[in-house]
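Open the model in your viewer and keep the selection panel at hand. The tour starts at the ligand and moves outward.

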Amino acid sequence: MATLFVVATPIGNLQDLSPRAASALREAPVIAAESLNRSRKLLSHLGIRGKRLISCREANRKLAALKIREALDQGRDVALISDAGTPGVSDPGGHVVAELSRSGHKISPVPGPCALAAAVSVAGWPGAPFSFLGFLPAKPGARRQLLERARDAGWAFAFYEAPHRLAETMADLAAMMGGRGMVLARELTKYNEEVSYGTCQELAETVKPLVTKGEITILVAGGEPALQQAADMDELLRQGLQAGLESPSRLAKKVAASCRRPRDEVYRRLLEIKGALAESAE
Ligand code: SAM
């Protein structure tokens, strides 16, 4: 049975192409590629000619899957590559693989470079769980909602970002979770590679002017999950109210700053807890 090889290619430095990936590209008679132009460059670097190329973009992924299936059914191996990195990680490769796995075709990975893995490798994350968000939604409301969910889950998270959206996203991160650690990995393995470490607030202030183009992967460290944050906030409010040393508005301001929550939200919660304390004292 012919095989669909899912082949990882370099995210910048061509020397990162593995010998096995080079063999897979040499041996497969058909290559399905996200961008034919980019792939021709890679193939010509490897001295590979005379392959049948199938275009496999987001817009034509169904047709691409059909053409790949035909080639496999004729007994011809196919190598699937994306513009850079590992196909299927935030690029159209995943859809093609899903279609072909449903029709029972043999699919085999040729692992290698991946922007997410490269960024995680320099993040210094201590093996804690993290989520990967892919690309954030383009619309500000949807983007903030997703970031809010990621923040409230408490886990570390990573995502891919386009340079023209970076400033807005950094501003959101600074406003929503300014104290959390961040790693901004840009142009990994390329001449202008740059890895910056700091809090979301610090990096929003410092790296913005430097980053106007290039490929960017962002990692945000974990924090307290929303449920734990809420429990901590309630406890601080309860203790403050019971001590009775400061006015409710002063107490709400202090707790809001320490829990990084909006002051009006904390004040509303303070009134609820004050009411409950008064009831239980009756
Ligand atoms: N499947 C690819 C992979 O696994 O690396 C990622 C494909 S996705 C369409 C492209 C995004 O990956 C870019 O917009 C950028 O956010 C990130 N990326 C790609 N190359 C990068 C690099 N050299 N340094 C940092 N991030 C990179």
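**Polar contacts of the ligand**

Select Asp91 and the ligand: a polar side-chain atom of Asp91 lies 2.8 Å from a ligand nitrogen atom. Such a pair is a polar contact, meaning two N or O atoms within 3.5 Å. This is a predicted model, in which local features need pLDDT of at least 70 and side-chain atom pairs count only at pLDDT 80 or more, while totals for chains, interfaces and linings use all residues. Residues are numbered from 1 along each chain as its sequence is written, and side-chain values use heavy atoms, with hydrogens and water left out.

Next, show backbone atoms. A backbone N or O atom of Leu188 is 2.9 Å from a nitrogen atom of the ligand. At Ile216, a polar backbone atom lies 2.6 Å from an oxygen atom of the ligand. Taken alone, the ligand exposes 580 Å², of which the protein buries 91% (Shrake-Rupley areas, 1.4 Å probe).

**The shell**

Now select every residue with a heavy atom within 4 Å of the ligand. This gives 19 residues, and Thr86, Val89, Asp91, Ala115 and Ile216 are the closest. Colour them by class: ten are nonpolar, four polar and five charged. Strands E7 (156-161) and E10 (216-220) each supply at least two shell residues; strands here are DSSP runs of E, at least two residues long.

**The domains**

Finally, colour the chain by its domain assignment: domain 1 (3-113), domain 2 (116-220) and domain 3 (226-281). Domain 1 and domain 2 each give at least three residues to the shell around the ligand. Zoom out to domain 3, whose C-alpha centre lies 31 Å from that of domain 2. The bounds come from an automatic or database assignment.

Methods: Polar contact = N/O pair within 3.5 Å; in protein donor to acceptor, adjacent residues only side chain to side chain. Helix = DSSP H or I, 4+ residues; strand = E, 2+ residues; numbered from the N terminus. Nonpolar A, V, L, I, M, F, W, Y, C, P; charged D, E, K, R; others polar.
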